[in-house]
Every structure is written in structure tokens, then in C-alpha cells.
Amino acid sequence: MADCIFCKIAQKEIPSSLVYEDEQVVAFKDLEPQAPVHVLVIPKKHVESVLALTAEDKAMVSHILVDVVPQLARELGVDEKGFRVVTNTGAEGGQSVKHLHFHLLGGRSMQWPPG
Ligand code: 5GP
Ligand code: ZN
């Protein structure tokens, strides 16, 4: 997607603090961290949100949640105390970037419900 900032990050057209990369996925530090650990895990493929996922994305989504997020949580040292994985979707869900991303937040106590 030509004007998608996360596609540009995934393609290294604009810089980011990458913490993980494989064939399908990149993860990088959020520009405006909301917690001591705040990384965004995204598919390299442009998908607007969870609503745009199709059957062919099942392996990618499960790779992110089964493999990448737990590995990053361990590497970033938030696995024992706990962390949060968030996918904001649409306007009322608070989604500002229309490329599917999973926030991995940790390093502080989280409140529920979020604001
Ligand atoms: P959303 O609000 O869509 O759930 O999350 C988008 C996130 O992307 C926000 O937390 C915001 O700080 C982050 N973000 C937006 N633009 C950039 C950027 O250019 N680089 C990085 N690293 N993070 C960004
Ligand atoms: Zn994109």
C-alpha cells in the first residue's frame, strides 16, 4: 500500500527501532510508548485490520500469536510479571494506523477497562 506508514516501516523505507523480523512479520518499538515495553507486531503484508483478514491469513495470525508474541515477551522480560496484547480496530476502537498491528505492552501494571 503506497501511503501506508507501516508498509513503509516493513519495507525499511522509513526507519524504526526493529526488535524482530522474519519472512512474514516485523516488530518495532512504538514511537510514543505507553508503557516501559511497547512494541508493535505487524504482518509485512498490508491488511487493514482484523476485519480484513481472510482464510489465507490464518497461518500468519497464528504465527504472530503463537510464536512471535510469546518469544518477544520473553526476550523483553515481561513474560513473568505479565503483559497485554491489544489490536485496536476502527474509529471507536482507537485504531489510528490502518495496517493490522498488535500492541505488546508491559513493564507496568495495566488498568481494566482501558479508557
Ligand atoms: P493504533 O492507535 O492504530 O492502535 O496504534 C498505532 C500506533 O502506532 C500508535 O501507538 C503510534 O504511536 C504508533 N506509530 C504511529 N506512527 C508511527 C511511526 O512512524 N513509527 C512508530 N514506531 N510508531 C508509530
Ligand atoms: Zn500497510
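The legends below describe close-up views of one predicted model.

Because the model is predicted, local features are described only where pLDDT is at least 70 and side-chain atom pairs count only at pLDDT 80 or more, while totals for chains, interfaces and linings use all residues. Residues are numbered from 1 along each chain as its sequence is written, and chains are lettered from A and ligands numbered from 1 in the order in which they are written.

**Figure 1. The open sheet has 5 strands.**
The strands follow the order β1-β2-β3-β5-β4, and their pairing is antiparallel. β1 (18-21) and β4 (83-86) stand at the edges with a single partner strand each, so one side of each has no neighbour in the sheet. From one strand to the next, the twist averages 20°. Helices (H or I, at least four residues) and strands (E, at least two) are DSSP runs, numbered from the N terminus. Two strands pair if DSSP finds at least two bridges between them. Strands of a sheet pair through backbone hydrogen bonds, either parallel or antiparallel.

**Figure 2. A hairpin joins β1 to β2.**
The connection between β1 and β2 runs through 3 residues, and the two strands pair in the antiparallel sense over 3 bridges. In this pairing, tyrosine 20 stands opposite alanine 27 in β2.

**Figure 3. Valine 39 is placed in strand β3.**
Strand β2 (residues 25-29) pairs with strand β3 (residues 37-43) over 5 bridges, in the antiparallel sense. Across this pairing, lysine 29 stands opposite valine 39. Valine 39 is buried because 25 other C-beta atoms lie within 10 Å; a residue is buried if 20 or more other C-beta atoms lie within 10 Å of its own, exposed if 12 or fewer, and partly exposed in between, with C-beta atoms placed from the backbone. Apart from neighbours within four places in sequence, valine 39 is in contact with Val19, Ala27, Phe28, Lys29, Asp30, Leu72 and Leu104. Two residues are in contact if their C-beta atoms, placed from the backbone, lie within 7 Å. Alanine 52 is 13 residues from valine 39 in sequence, and their C-alpha atoms are 22 Å apart in space.

**Figure 4. Strand β5 has a covered and an uncovered face.**
Phe102, Leu104 and Gly106 belong to the covered face of β5, whereas His103 and Leu105 belong to the uncovered one. In a regular strand the side chains alternate between the two faces of the sheet. β5 is joined to β3 by 5 bridges, and the two run antiparallel; here valine 41 stands opposite phenylalanine 102. β4 and β5 also run antiparallel, joined by 4 bridges, and arginine 84 has leucine 105 of β5 as its bridge partner. Helix α2 (residues 58-75) lies across β1, β2, β3, β4 and β5 (102-106), running at about 20° to β5. Axes are lines fitted to C-alpha atoms, for helices over the stretch in contact, and angles run from 0 to 180 degrees between N-to-C directions.

**Figure 5. Histidine 101 is found in a loop, and histidine 103 in strand β5.**
The loop that holds histidine 101 lies between α3 (90-93) and β5. The UniProt annotation "active site", from an unreviewed entry, covers His101; such annotations may be inferred rather than shown by experiment, feature names are shortened, and positions are given in the numbering used here. With 23 other C-beta atoms within 10 Å, histidine 101 is buried. Not counting residues up to four places away in sequence, histidine 101 touches Phe6, Leu40, Val41 and Ile42. Histidine 103 is partly exposed, with 17 C-beta neighbours inside 10 Å. On the same basis of leaving out residues up to four places away in sequence, histidine 103 touches His38, Leu40, Val85 and Val86.

**Figure 6. The shell around ligand 1 contains 13 residues.**
Leu31, Glu32, Asn88, Ser96 and Val97 come nearest to ligand 1. A residue is near a molecule or strand if its C-beta atom, placed from the backbone, lies within 6 Å of it. The shell has 5 nonpolar, 5 polar and 3 charged residues. Here Ala, Val, Leu, Ile, Met, Phe, Trp, Tyr, Cys and Pro count as nonpolar, Asp, Glu, Lys and Arg as charged, and the others, Gly among them, as polar.

**Figure 7. The peptide bond from tryptophan 112 to proline 113 is cis.**
Omega of this bond is near 0°, and proline 113 lies in the segment after β5.
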